[in-house]
There are 4 protein chains.
Amino acid sequence: MRLHVPTPLRWGDLDAYGHVNNARMLGLLEEARIQAFWVNDDGTAEHAVGASTAVIDATPGSSTLSLIARQEVEYLAPIPYQRLPLDIELWIGNLGGASLEVCYEVFSPVGVEPRVLYTRAATTIVLVDAATERPRRITAVERDAWTPYLEAPISFRRR
Amino acid sequence: MRLHVPTPLRWGDLDAYGHVNNARMLGLLEEARIQAFWVNDDGTAEHAVGASTAVIDATPGSSTLSLIARQEVEYLAPIPYQRLPLDIELWIGNLGGASLEVCYEVFSPVGVEPRVLYTRAATTIVLVDAATERPRRITAVERDAWTPYLEAPISFRRR
Amino acid sequence: MRLHVPTPLRWGDLDAYGHVNNARMLGLLEEARIQAFWVNDDGTAEHAVGASTAVIDATPGSSTLSLIARQEVEYLAPIPYQRLPLDIELWIGNLGGASLEVCYEVFSPVGVEPRVLYTRAATTIVLVDAATERPRRITAVERDAWTPYLEAPISFRRR
Amino acid sequence: MRLHVPTPLRWGDLDAYGHVNNARMLGLLEEARIQAFWVNDDGTAEHAVGASTAVIDATPGSSTLSLIARQEVEYLAPIPYQRLPLDIELWIGNLGGASLEVCYEVFSPVGVEPRVLYTRAATTIVLVDAATERPRRITAVERDAWTPYLEAPISFRRR
């Protein structure tokens with residue numbers, strides 16, 4: 001199952017070519033990921049866009065850091081500025097012992113025809129204990145929360 | 001009359017202090033301004049958040065450039081990352097011959113109590129003819145569109 | 001006395017107009033300020049570009065936070081991407097009890113003729129005790145270190 | 001043969017974790033790439049850091065656009081803010097018909113011991129004719145200029 005995260009652009013995401021900058025795209029994926037797996041300040045967990053209890057916590061002072069170990073991105077079509085949010089599909093391509101792979105397909109806004117696939121990407125995240133600064137295992141609660149979003153990882157075209 | 005522009009934060013807007021970075025704030029104001037005074041690619045004009053026909057055009061290739069001549073910002077309270085969009089109030093503090101001043105008050109998200117005023121700011125924009133690269137006068141159509149949003153400019157505390 | 005801080009641009013500072021973005025300019029000023037008033041991790045203080053012992057500390061975990069209370073910027077000429085670093089002149093326009101005003105004039109790279117003044121700006125910084133989160137007074141050591149760089153503040157043209 | 005491109009950090013590259021943000025890293029690689037393969041406005045070509053005549057042109061209005069088709073990044077160690085520029089080693093891992101792969105290893109600043117390898121990355125660039133918006137072949141002049149920097153591409157650990 002995939003999450004659909006509406007992710008607004010900013011005009012400032014454009015570079016001198018007039019397209020969304022390739023580095024800024026990683027900032028958009030970061031924001032979609034955080035919106036998808038948000039934990040509230042009071043400790044309750046919820047999705048912005050789903051209904052599970054997934055628990056990647058991006059708040060400062062949390063006991064777990066989500067460190068990025070690897071990213072792979074294919075840019076398939078240039079992205080112009082547009083007022084409607086991009087439609088980012090997001091799922092989990094791999095659930096390891098202390099790490100997971102988040103996969104993305106970035107589409108044109110919902111309702112805009114024809115639908116364009118702009119970007120495909122994957123991020124490997126390692127869960128790190130903030131106190132010890134060492135990787136820590138994915139808990140049973142986390143694994144249960146994330147398993148519904150497990151699908152086949154992306155097969156990148158250019159390798 | 002003021003426009004209310006809901007403006008989403010990104011986690012990447014935070015700096016190493018864990019607050020929205022002061023430079024990033026100008027990017028948020030830029031985005032609110034563009035959302036408020038958007039022109040479609042087909043030449044029709046509309047507000048994202050209002051109903052007039054205001055016409056600051058940020059699309060590449062447009063015949064008018066909106067150049068920033070001046071900005072003044074007061075940071076009143078640090079802004080944490082939050083999932084709900086900030087509530088940016090936006091109006092026009094001054095309508096000159098070829099320039100205008102856009103004023104902003106940046107508030108905590110709608111519905112969050114107590115309401116906090118984070119930032120107050122003003123931007124002076126000069127309309128420039130893209131072909132000649134010289135300032136060009138505000139047209140009668142633009143003046144009619146913007147006049148309803150004309151209010152007293154901000155009186156900054158620290159000067 | 002003014003400090004001269006060579007501050008490199010990045011191509012990514014350009015926006016869709018092909019000029020350095022107005023919000024990014026504040027990031028450049030931030031970097032020039034930190035380079036000018038840097039404190040090493042071992043507690044020794046030094047200038048990147050001067051020789052005093054000024055002590056604005058930007059390292060995470062430091063006992064003083066430098067909070068931005070106010071900024072004012074005049075953009076006088078558009079800035080193209082260029083490989084040589086901008087020449088940012090930096091001085092202190094005001095030394096208060098717990099706050100100071102840093103002033104900047106941003107010039108074209110050293111050696112490039114004619115010399116262009118791109119931007120003038122001022123930033124009000126409040127020194128905040130990280131533990132109590134309240135403003136704390138400028139110390140005698142800091143005041144002695146900063147006094148040589150005290151000059152008249154900027155008189156902005158457009159107010 | 002590899003180019004060594006000294007690439008300065010900015011304090012604003014840090015995120016709320018106090019490390020250089022993963023998306024910002026792509027902006028650093030972009031800047032190192034442009035510094036390495038710069039073309040002057042008068043059409044002459046030179047390296048900032050080498051001595052060949054390589055010709056990726058990032059100036060607006062140039063006849064060739066350098067579009068990013070793919071990026072792969074491994075983050076091996078978190079990067080703190082530091083005043084000295086990072087030492088980015090840069091070479092060409094593949095020279096195709098209309099595309100090339102730029103490879104990077106990002107090290108701690110020259111002279112800082114022990115030397116740390118922070119990041120390894122590869123970017124696939126397609127040369128696009130600005131007029132037709134279609135890929136165009138690498139010229140003989142370009143191929144001669146780039147061939148000295150051809151080395152084995154990166155073998156990424158996590159795949």
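A residue is called buried when its relative accessible area is under 20%, exposed when over 50%, and partly exposed in between (1.4 Å probe, protein chains only). By that rule helix α1 of chain C, a DSSP run of H or I with at least four residues, numbered from the N terminus, is mostly covered, with 14 of its 15 residues buried.

This is a predicted model, in which local features need pLDDT of at least 70 and side-chain atom pairs count only at pLDDT 80 or more, whereas totals for chains, interfaces and linings use all residues. Residues are numbered from 1 along each chain as its sequence is written, chains are lettered from A and ligands numbered from 1 in the order in which they are written, and side-chain values use heavy atoms, with hydrogens and water left out.

Salt bridges (a side-chain nitrogen of Lys or Arg within 4 Å of a carboxyl oxygen of Asp or Glu) come to 48 over all chains, including these three:

| Pair | Closest N to O |
|---|---|
| C:Arg24 and C:Asp13 | 2.9 Å |
| D:Glu105 and D:Arg2 | 3.1 Å |
| D:Arg120 and D:Glu74 | 3.5 Å |

In the last pair, D:Arg120 lies in strand β5 (residues 117-129) of chain D and D:Glu74 in strand β2 (residues 64-75), 46 residues apart, a strand being a DSSP run of E with at least two residues. D:Arg120 counts as buried at 13% relative accessibility, and D:Glu74 is likewise buried at 2%. In the chain C pair, C:Asp13 is buried at 0%, while C:Arg24 is partly exposed at 22%.

Between chain B and chain D, eight residues of each are in contact (heavy atoms within 4.5 Å), and the count of salt bridges is zero.
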